[in-house]
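Work through the exercises below with the sequence and the model at hand. Each task is followed by a solution in steps.

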Amino acid sequence: MKALIEYIVKALVDEPEQVSITEVPGDEATTFEVHVAPTDLGKVIGKQGRIANALRTVAKAVAMKDKRKVYLEIVAE
Amino acid sequence: MTQERAEVPTADDLAQQAVAHVSHLVEAAQLNASVKLTSLEGDIVNIDIDGEDASLLIGRRGQVLDALQYLVLVMTTHDKYGSNRLRIHLDADGYRQRRADSLRDLARSLADQVRATGEEAVIEPLNALERRIVHTELVDDPDVETYSEGEEPHRHIVITPRRSDS
């Protein structure tokens, strides 16, 4: 899952070298913190959150294979 | 910043990039599925995902597929190259084809209903591509006409009796 999120986010931003994904395990769900350069925040969130929502939708679908829940948080470094 | 002034890529370059993105995505997600470019017609890139895990990428009413398709488009074009706009049609496990068939059936049966009752019929919200399938199916119908109303993501089609102005 981490690899998937990282791949997508790095392809979206201008500064892929500043992307890092932190995995925070929980009982019911895993949270992935997506860290990007402040100038790239908009590229990952999109207008009205459209890109971030699409990313969440895809991550949730893939996590269903392992019957896991995932949350995504997008953070500017 | 990596803002080099690169040449505008051709549709073929972009199609190859889009397919590479989908392939890498499927691999990174550890899904058992294969990705192939089925056609490139003008600026429309058709990419199919098939295999054991492909159906995971469809979602309810194709929501996951739509999300993935949008991500791949942004990843490929970065909203740049304005005039060289690319359209990516992503399918998984033949979902789009099945959905198109069922939308055409729905359009025809609702048209019959409108014809019989003289009252308009409303279809649940559909995305732009799906609405186009419905509009196209009924464009030549002598008795009914269609229009869309509402804002995304609630934009939906209304089928009404054709106005007989003439």
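Two residues are in contact when heavy atoms of theirs lie within 4.5 Å of each other. The model used here is predicted.

**Exercise 1. Contacts of one core residue**

Task: Find which residues V9(A) touches, leaving out those up to four places away in sequence.

Solution. Step 1: apply the contact cut-off of 4.5 Å between heavy atoms. Step 2: drop the residues up to four places away; V19(A), V34(A), V36(A), V44(A) and L55(A) are then the residues that V9(A) touches. Step 3: place V9(A) in its wider setting. V9(A) is among the residues with the most contacts inside the largest nonpolar core, together with L4(A), I8(A), I47(B), I49(B) and L71(B).

**Exercise 2. The nonpolar cores**

Task: State how many residues the largest nonpolar core has, and which elements each supply at least two of them.

Solution. Step 1: the largest nonpolar core has 51 residues. Step 2: from chain A, at least two residues each come from α1 (2-12), β2 (29-36), α3 (50-63) and β3 (69-76). From chain B, the elements that each supply at least two are α1 (11-28), β2 (44-50), α2 (63-77) and β3 (87-92). Step 3: look for a core apart from this one. Another core has 13 residues, including L110(B), A121(B), I123(B) and I157(B). As background, nonpolar side chains in soluble globular proteins tend to be buried together.

**Exercise 3. α1(A) against α2(B)**

Task: Describe how the axes of α1(A) and α2(B) cross, and name the residues that meet.

Solution. Step 1: the two axes come within 8 Å and cross at roughly 45 degrees. Step 2: because of that angle, α1(A) is oblique to α2(B). Step 3: on the α1(A) side the residues are Y7(A), I8(A), A11(A) and L12(A), and they meet L71(B), V74(B) and M75(B) of α2(B). Step 4: sorted by class, this contact has 7 nonpolar residues, no polar and no charged ones.

**Exercise 4. α3(A) against α2(B)**

Task: Do the same for α3(A) and α2(B), and add the handedness of the crossing.

Solution. Step 1: the axes of α3(A) and α2(B) come within 9 Å, at a crossing angle of roughly 125 degrees. Step 2: the two helices are therefore oblique to each other. Step 3: the crossing of α3(A) and α2(B) is left-handed. Step 4: α3(A) contributes R50(A), I51(A), A54(A), L55(A), T57(A), V58(A) and A61(A), while α2(B) contributes Q63(B), V64(B), A67(B), L68(B), Y70(B), L71(B) and V74(B). Step 5: by class, there are 11 nonpolar, 2 polar and 1 charged residues in the contact of α3(A) with α2(B).

**Exercise 5. Chain B and its backbone**

Task: Give the order of helices and strands in chain B, then locate its cis peptide bond and the loops that hold Q30(B) and R61(B).

Solution. Step 1: chain B has 4 helices and 6 strands, in the order α-β-β-α-β-α-β-α-β-β. Step 2: the cis peptide bond joins E152(B) and P153(B), with omega about 0 degrees. P153(B) lies in the loop between β5 (144-149) and β6 (156-161) of chain B. Step 3: Q30(B) has a positive phi, near 55 degrees, and sits in the loop between α1 and β1 (34-41) of chain B. Q30(B) counts as exposed because its relative accessibility is 64%. Step 4: phi of R61(B) is also positive, near 55 degrees. R61(B) is in the loop between β2 and α2 of chain B and, with a relative accessible area of 44%, is partly exposed.

Note on methods:
Residues are numbered from 1 along each chain as its sequence is written. Chains are lettered from A and ligands numbered from 1 in the order in which they are written. This is a predicted model: local features need pLDDT of at least 70, side-chain atom pairs count only at pLDDT 80 or more; totals for chains, interfaces and linings use all residues. Side-chain values use heavy atoms; hydrogens and water are left out. A nonpolar core is a set of buried Ala, Val, Leu, Ile, Met, Phe, Trp, Tyr and Cys residues joined through side-chain atoms within 4.5 Å. Buried means under 20% relative accessible area, exposed over 50%, partly exposed in between (1.4 Å probe, protein chains only). Axes are lines fitted to C-alpha atoms, for helices over the stretch in contact, and angles run from 0 to 180 degrees between N-to-C directions. Angles under 35 degrees count as roughly parallel, over 145 as roughly antiparallel, 65 to 115 as roughly perpendicular and the rest as oblique. Ala, Val, Leu, Ile, Met, Phe, Trp, Tyr, Cys and Pro count as nonpolar, Asp, Glu, Lys and Arg as charged, and the others, Gly among them, as polar. A crossing is left-handed if the near helix is turned anticlockwise from the far one by less than a right angle, and right-handed if clockwise.
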